[in-house]
Amino acid sequence: MERKDFDTVASTWDEEPRRVKLAADIGAAIKDTVPLSADWDGMDYGCGTGLLTLDLAPALHSMVGLDSSQGMVDRLTAKCSATGIQNTRAIRCDLEQGKPPVGPFHLVTSAMTLHHIPEIVPLLTSLRGLLHPGGWVALADLETEDGSFHDNPTGVFHHGFSREELEGFLTRAGFTSIAVRRATTMRKGERVYSVLLAVAVNP
């Protein structure tokens with residue numbers, strides 16, 4: 001299965017204003033939905049350049065950004081160094097290939113990453129294994145769309161998800177207290193796409 005090469009776009013990723021806005025909107029939706037605590041340790045899976053990671057970090061004790069792209073991890077590390085952020089670090093790791101050398105966490109987040117994952121339930125099961133009992137997962141991704149969102153379909157395995165699909169995936173992975181809501185919308189050209197936020201608890 002061909003994956004997208006995110007290393008090649010890492011250096012210019014944040015130059016797209018809609019990406020910055022989307023991360024801020026998702027961060028606001030998470031803060032509005034999950035009872036974040038200053039003593040929590042969090043992990044952002046598929047963190048990219050850390051737009052969501054760094055949005056949530058001030059509300060938490062610590063934040064780890066996890067990504068399979070070294071280029072993205074390097075960008076997040078450079079941002080933390082440049083701004084003196086002490087409670088956040090970035091690690092290159094592909095959860096589909098094995099368990100990361102970090103955890104457990106009180107919160108695991110992910111933004112616009114699930115549609116790049118071929119098999120969702122095994123990944124969610126791995127994420128649940130990284131959570132403390134009572135820990136939260138908060139996952140944002142596209143609501144079902146017609147395939148027009150991505151200009152290049154390389155590495156895109158799902159054209160978004162329905163609310164029912166996300167609930168089903170989380171249930172099968174063993175989560176409880178599942179809730180799915182709209183987090184925000186994102187405009188690309190003339191099209192407006194809905195972005196869902198699914199939250200759940202590790203029992």
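Ala, Val, Leu, Ile, Met, Phe, Trp, Tyr, Cys and Pro count as nonpolar, Asp, Glu, Lys and Arg as charged, and the others, Gly among them, as polar. Keep this sorting at hand for Exercise 2. The model is predicted.

**Exercise 1. The overall fold**

Task: Work out how the elements of the protein chain are ordered, and compare its radius of gyration with the globule rule.

Solution:
- Step 1. Take the secondary structure of the protein chain. It comes to 5 helices and 7 strands.
- Step 2. Read from the N terminus on. The order is α-β-α-β-α-β-β-α-β-α-β-β.
- Step 3. Check the radius of gyration. The chain has 16 Å, and the globule rule gives 17 Å for 203 residues. The two values are close, so the chain is as compact as a globular protein of that length.
- Step 4. Add the box. Along the principal axes, the C-alpha atoms fill roughly 40 × 40 × 30 Å.
- Step 5. Add burial. Of the 203 residues, 49% count as buried.

**Exercise 2. The largest pocket**

Task: Describe the volume of the largest pocket, then find which element gives the most to its lining.

Solution:
- Step 1. Start with the volume. The largest pocket has about 1,000 Å³.
- Step 2. Look at the centre. The lining has 42 residues, and the closest to the pocket centre are Phe6, Trp13, Met72, Met112 and His116.
- Step 3. Go through the elements. Those that each supply at least two lining residues include helix H1 (17–33), helix H3 (70–83) and strand E6 (176–188).
- Step 4. Pick the top contributor. H1 gives the most, with 5 residues.
- Step 5. Sort the lining by class. There are 17 nonpolar, 12 polar and 13 charged residues.

**Exercise 3. Aromatic pairs and charges**

Task: Classify the ring pair Phe6 and Trp13 and the ring pair Phe149 and Tyr193.

Solution:
- Step 1. Note the total. The structure holds 3 aromatic pairs.
- Step 2. Take Phe6 and Trp13. The ring centres are 5.9 Å apart and the planes stand at 70 degrees, so this pair is edge-to-face. The cut-off used here is over 60 degrees.
- Step 3. Take Phe149 and Tyr193. The centres are 5.0 Å apart and the planes stand at 90 degrees, so this pair is edge-to-face.
- Step 4. Place the second pair in the chain. Phe149 lies in the loop between strand E5 (131–142) and helix H5 (163–172), while Tyr193 lies in strand E7 (residues 191–201). The pair therefore ties together parts that are 44 residues apart in sequence.
- Step 5. Check burial. Trp13 is buried at 18% relative accessible area. Phe149 is buried at 7%, and Tyr193 is buried at 5%.
- Step 6. Look for charges over the rings. The charged end of Arg19 sits over the ring of Trp13, 3.5 Å from its centre. Lys188 lies over the face of Phe149, at 4.4 Å from the ring centre.

**Exercise 4. Two positive phi angles**

Task: For Met112 and Ser177, decide whether each residue is buried or exposed.

Solution:
- Step 1. Recall the background. Most residues other than glycine have a negative phi.
- Step 2. Read the angles. Met112 has a positive phi of about 60 degrees although it is not a glycine. Ser177, not a glycine either, has a positive phi of about 50 degrees.
- Step 3. Locate the residues. Met112 is in the loop between strand E4 (105–111) and helix H4 (120–129). Ser177 is in strand E6.
- Step 4. Apply the cut-offs: buried is under 20% relative accessible area, exposed is over 50%. Met112 has 14%, so Met112 is buried. Ser177 has 53%, so Ser177 is exposed.

Key. Residues are numbered from 1 along each chain as its sequence is written. This is a predicted model: local features need pLDDT of at least 70, side-chain atom pairs count only at pLDDT 80 or more; totals for chains, interfaces and linings use all residues. Side-chain values use heavy atoms; hydrogens and water are left out. On a 1 Å grid over the protein atoms alone, a cavity is a set of points where a 1.4 Å probe fits but cannot get out, and a pocket is an open set with protein on both sides within 12 Å along at least five of seven lines; lining residues have an atom within 4 Å of a point. Grid points are joined across faces, edges and corners, and a volume is the space filled by probe spheres set on the points. Helices (H or I, at least four residues) and strands (E, at least two) are DSSP runs, numbered from the N terminus. Rings of Phe, Tyr and Trp (its six-membered ring) pair if their centres lie within 6.5 Å; planes under 30 degrees apart count as stacked, over 60 as edge-to-face and the rest as tilted. Buried means under 20% relative accessible area, exposed over 50%, partly exposed in between (1.4 Å probe, protein chains only). A charge sits over a ring if NZ of Lys or CZ of Arg is within 6 Å of the ring centre and within 35 degrees of the ring normal. The radius of gyration is taken over C-alpha atoms; the globule rule is 2.2 Å times the number of residues to the power 0.38.
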